[in-house]
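Dear colleague,

Please find below the sequence and structure that I am handing over to you. I would be grateful if you would keep the structure open while reading the notes beneath it.

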Amino acid sequence: MLHAGYFLLGLIATTVSAASNVADLVGTWSTKSRSVITGPGFYDPINDQLLEPNLTGISYSFTSTGHYEEAYYRALSNPTNPECPRGIMQWQHGTYTVDQDGTLLLRPIEVDGRQLLSDPCSYDKGVYTRYNQTEKFNSFTVSVDPYHNVRRLDLQRFDDSIMHPMYLVYQPPEMLPTDALNLASHRDSKKKRHVARGETLRWFRQEDLLNPNRWLWLGLFMTAVGGFTFIYS
C-alpha cells in the first residue's frame, strides 16, 4: 500500500509539474517539522560551523534569479548496531536551472558545501568535510496542501523516487548571500577535520589577527625556533 501511494504521488507530480514554473519555486521550503531552515540558522560561514537543529528535516530555498540553498539534517540507520544511529548534516548553495521538460538541475558552488558526519558510538569526534553534489530532479510540483492549507513542494528525484513533501515557510526566501562564502579558505578545500560535538568550527579569522595574545605566543614561538636554528646551524 505504501509503495502504491508513492507511485501514485509520482504520477501526480509528473502530471502537474507542467503547470508549475520557476516563479512557483521562489521561497524557503521545509519538511513537516520545520526545524531545518536554510540561512544563518543552519550554517554560520564566519565561524565555519553547522548549527544542529532540534529535529531532523530538509529545507530548500530558491530565488527568482536562479540561486538556491539547501540544508539537510538526517538520521542514518546502523544495521550492525541498531541502537547506535548516526547523524549527518549537509549544506550547499549555488545556481539552478529548469529545462523545458521540467527537469530541475542544482549546481553547487564546489568549495562552499559542508558536511558533518556524527557516529557517537564509534568515534568521540565528528568528521567535518567539504561537500559537493550536483542534484537533478526529474520534476517539481507546487500545489496547495489540502490538509495544511499551505503551499507544498514535491520533488521527484532523478531515479523517480519522491522526496518528503516540503511546505512554504518564507517568501522571500531565508538564505545566506548567494556568492561564494569561503574565498579565503579555497586552498584548504581538500582538508578533512575531526571535531568534537558542539565545538565551534572555524578558519583563521581577521579578529584573530587583532588579538594581542596570539601575537605574544607567535613571538615566543619564533624566538624558540630562532634559538634552535642558531644552536644547530
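The notes below begin with the overall make-up and then turn to particular sites.

Overall make-up

Please bear in mind throughout that this is a predicted model. The protein contains four helices and 13 strands. Of its 233 residues, 42% are buried. The accessible surface amounts to about 14000 Å², and carbon and sulfur atoms account for 58% of that surface. If one takes the contacts between residues at least 6 apart in sequence, 61% of them join residues at least 24 apart.

Strand S1 and its partners

Strand S1 covers residues 27–30; Gly27 and Trp29 point one way from the strand, Thr28 and Ser30 point the other way, and all are buried. S1 runs antiparallel to S4, to which four bridges join it. Within that pairing, serine 59 of S4 is the bridge partner of serine 30. S1 also pairs with S12, again in the antiparallel sense, over three bridges. There, leucine 168 in S12 stands opposite tryptophan 29.

Nonpolar cores

The largest nonpolar core consists of 18 residues, and Tyr60, Phe62, Leu104, Leu153 and Leu155 have the most contacts inside it. Two or more residues of this core come from each of strand S4 (57–62), strand S5 (67–76), strand S7 (104–108), S10, strand S11 (151–157) and strand S12 (166–170). A second core, separate from the largest one, has eleven residues, among them Val36, Met89, Trp91 and Tyr128.

Salt bridges

The whole structure holds four salt bridges. One of them is formed by the side chains of aspartate 24 and arginine 151, with an N to O distance of 4.0 Å. This pair links distant parts of the chain, since aspartate 24 belongs to helix H2 (residues 22–25) and arginine 151 to strand S11, 127 residues apart. Arginine 151 is partly exposed, at a relative accessible area of 26%.

Another salt bridge brings together the side chains of aspartate 48 and arginine 114, at 2.7 Å from N to O. Aspartate 48 is in the loop between strand S2 (43–44) and strand S3 (49–50), while arginine 114 is in strand S8 (residues 114–118), so the pair ties together parts 66 residues apart in sequence. Are these two side chains' residues buried or exposed? Aspartate 48 is buried, with a relative accessible area of 0%, and arginine 114 is likewise buried, at 1%.

Aspartate 145 and arginine 152 also form a salt bridge, in which the closest N and O atoms are 2.9 Å apart. Aspartate 145 has a relative accessible area of 2% and is buried. Arginine 152, at 16% relative accessibility, counts as buried because the limit for that class is under 20%. A network of salt bridges links Asp145, Arg152 and Asp154.

Two strand residues

Serine 139 is located in strand S10 (residues 135–144). This serine is buried, with a relative accessible area of 2%. Its side chain makes a polar contact of 2.8 Å with the side chain of glutamine 156.

Alanine 75 is located in strand S5. In contrast to a buried position, alanine 75 counts as exposed, at 58% relative accessibility. Its C-alpha atom is separated by 6.4 Å from that of isoleucine 88, a residue 13 places away along the chain. Apart from neighbours within four places in sequence, alanine 75 is in contact with Thr56, Arg86 and Gly87.

Backbone points to check

Most residues other than glycine have a negative phi, and most peptide bonds are trans. Three sites may therefore merit your attention when read against that general rule.

The peptide bond between glutamine 171 and proline 172 is cis, with omega about 10 degrees. Proline 172 is in the loop between S12 and strand S13 (193–196).

Asparagine 149 has a positive phi, near 60 degrees, and is not a glycine. It is placed in the loop between S10 and S11 and counts as exposed, at 63% relative accessibility.

Aspartate 160 likewise has a positive phi, of about 75 degrees. Its place is in the loop between S11 and S12, where aspartate 160 is partly exposed, with a relative accessible area of 47%.

With kind regards

How values were computed. Residues numbered from 1 in each chain as written. Predicted model: local features only at pLDDT ≥ 70, side-chain atom pairs only at ≥ 80, totals over all residues. Heavy atoms only, no water. Buried < 20%, exposed > 50% of the residue type's maximum accessible area, 1.4 Å probe, protein only. Polar contact = N/O pair within 3.5 Å; in protein donor to acceptor, adjacent residues only side chain to side chain. Core = buried A, V, L, I, M, F, W, Y, C linked by side-chain atoms within 4.5 Å. Contact = heavy atoms within 4.5 Å. Areas by Shrake-Rupley, 256 points an atom, 1.4 Å probe, with all protein chains shown as cover. Pairing = 2+ DSSP bridges.
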